[in-house]
Amino acid sequence: MTSMNLESVVRKNIFHLKPYSCARDEFKGEASVYLDANESPYNLRYNRYPDPLQESLKDRISQIKKINPTRIMLGNGSDEVIDLIFRIFCEPAVDNVVAIDPTYGMYKVCADINNVEYRQVLLNEDFQPDAKQLIAAADIHTKVIFLCSPNNPSGNLLNRPEMRKTVESFQGIVVIDEAYIDFSSEPSWLNDLDKYPNLIVLHTFSKAWGLASLRCGMAFASEEIIALFNKVKYPYNLSTLVQQTVLEQLSSGDSFKTGWVNQILMEREPLATALNALPMVEKVYPSDANFLLVKVNDANGIYKKLVDKGVIVRNRNSISLCGNCLRITVGTKEENSVLIDSLKLLK
């Protein structure tokens, strides 16, 4: 197990911050009369503030993920969690972060919003990182390294030994975003949390769980890092409706999610095969996610023609290493057939 001086990587004002104490923080349990939070006594289903720490939902997630609830933070999507990472660890106009390129675009957006320098390290032609290059890009003001695996938009798992070298060599925070891990055969980095106190692992309910509209992201880390998240996040960041709906979805465990994942995996390879057979397709990259990165002969033109036919994919032509590439989500068998038929009709 590696060690880390957490105080040295946290913004001083955040480390010493006295968080807002809401009414639901000061009282735990059930009561017959609530007169502490200036809520309306009417409209009983919606009038009470939600649990600020989402304890019931975290208890259920902990059973599924095999992680203690004290090591779980829930956000309004993973995007809230990513933004909080910048706000906790990065001093604006002073600190910087390092990230692979190409990768999920919200890391850079959050860096720009928080006035934090964003340093990109280009992946190789197989969309794989080099730990030495990542560490070389860092300096004394680098607080966070972002790794997305399986990566977006490339769809592949990052090389695990290179990731491990990065986690073990870097003295700051390493974020491993596993939004698509359910579609991969590799184990999650959740199993390594006890080894690396500088590690934050991100999961989401938006992909494999089919709950994108609810906006519920998960961060897993040491109790000390989770405590910092809870200090900085808004008190009631997940509504009661979101908490209850996710909890209902998890009431029978993860069997329904597993079924959906299996269906997507069954469709992924036939879709890749069908795409490879099309004359405008030059390459379909290997995928460990629920989407395919596809190199075509005219990404801009094909994208516009598909839009005209009511078929929407993602044009990644302007992204590093993704020239003339479309990112195509694996849909149902019927949706995939519509896509292939539409592409066959293009001239």
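## Cavity, pockets and a β-α-β unit

A search of the whole structure, which is a predicted model, finds 1 cavity of 30 Å³ or more. The largest cavity has a volume of about 30 Å³, and the residues that line this cavity are Leu275, Met280, Val281, Val294, Val296, Leu326, Ile328 and Leu343. Two or more of these lining residues come from each of the strands β9 (291–296) and β11 (325–329). By class, the lining of the largest cavity divides into 8 nonpolar residues, with no polar and no charged ones.

The pockets can be described in the same terms, beginning with the table below.

| Site | Volume | Classes of lining residues |
|---|---|---|
| Largest pocket | about 560 Å³ | 7 nonpolar, 5 polar, 6 charged |
| Second largest pocket | about 320 Å³ | 6 nonpolar, 5 polar, 6 charged |
| Largest cavity | about 30 Å³ | 8 nonpolar, no polar, no charged |

For the largest pocket, with its volume of about 560 Å³, the lining consists of 18 residues, and of these Arg24, Glu30, Tyr49, Pro50 and Asp51 are the closest to the centre of the pocket. The elements that give two or more residues to this lining are α3 (55–65) and α9 (240–249), and the largest share, 4 residues, comes from α9.

The second largest pocket, whose volume is about 320 Å³, is lined by 17 residues, of which Lys65, Asp182, Ser188, Leu190 and His203 are the closest to its centre. Here α3 and α10 (255–276) each supply at least two residues of the lining, while α10 gives the most, with 3 residues. Helix α3 thus appears in the description of both pockets, giving two or more residues to the lining of the largest pocket and at least two to that of the second largest pocket.

Another part of the model offers a view of how strands are arranged. Strand β2 (residues 96–101) and strand β3 (residues 117–122) run parallel and are joined by 6 bridges, and within this pair Asn96 stands opposite Glu117 in β3. Together with helix α5 (residues 106–113), the strands β2 and β3 make a β-α-β unit, and this unit is right-handed.

Technical notes: Residues numbered from 1 in each chain as written. Predicted model: local features only at pLDDT ≥ 70, side-chain atom pairs only at ≥ 80, totals over all residues. Heavy atoms only, no water. 1 Å grid on protein atoms, 1.4 Å probe; cavity = no way out; pocket = protein on both sides within 12 Å on 5 of 7 lines; lining within 4 Å. Points joined across faces, edges and corners; volume = space filled by probe spheres on them. Nonpolar A, V, L, I, M, F, W, Y, C, P; charged D, E, K, R; others polar. Pairing = 2+ DSSP bridges. Right-handed = clockwise from strand over helix to strand, strands pointing away.
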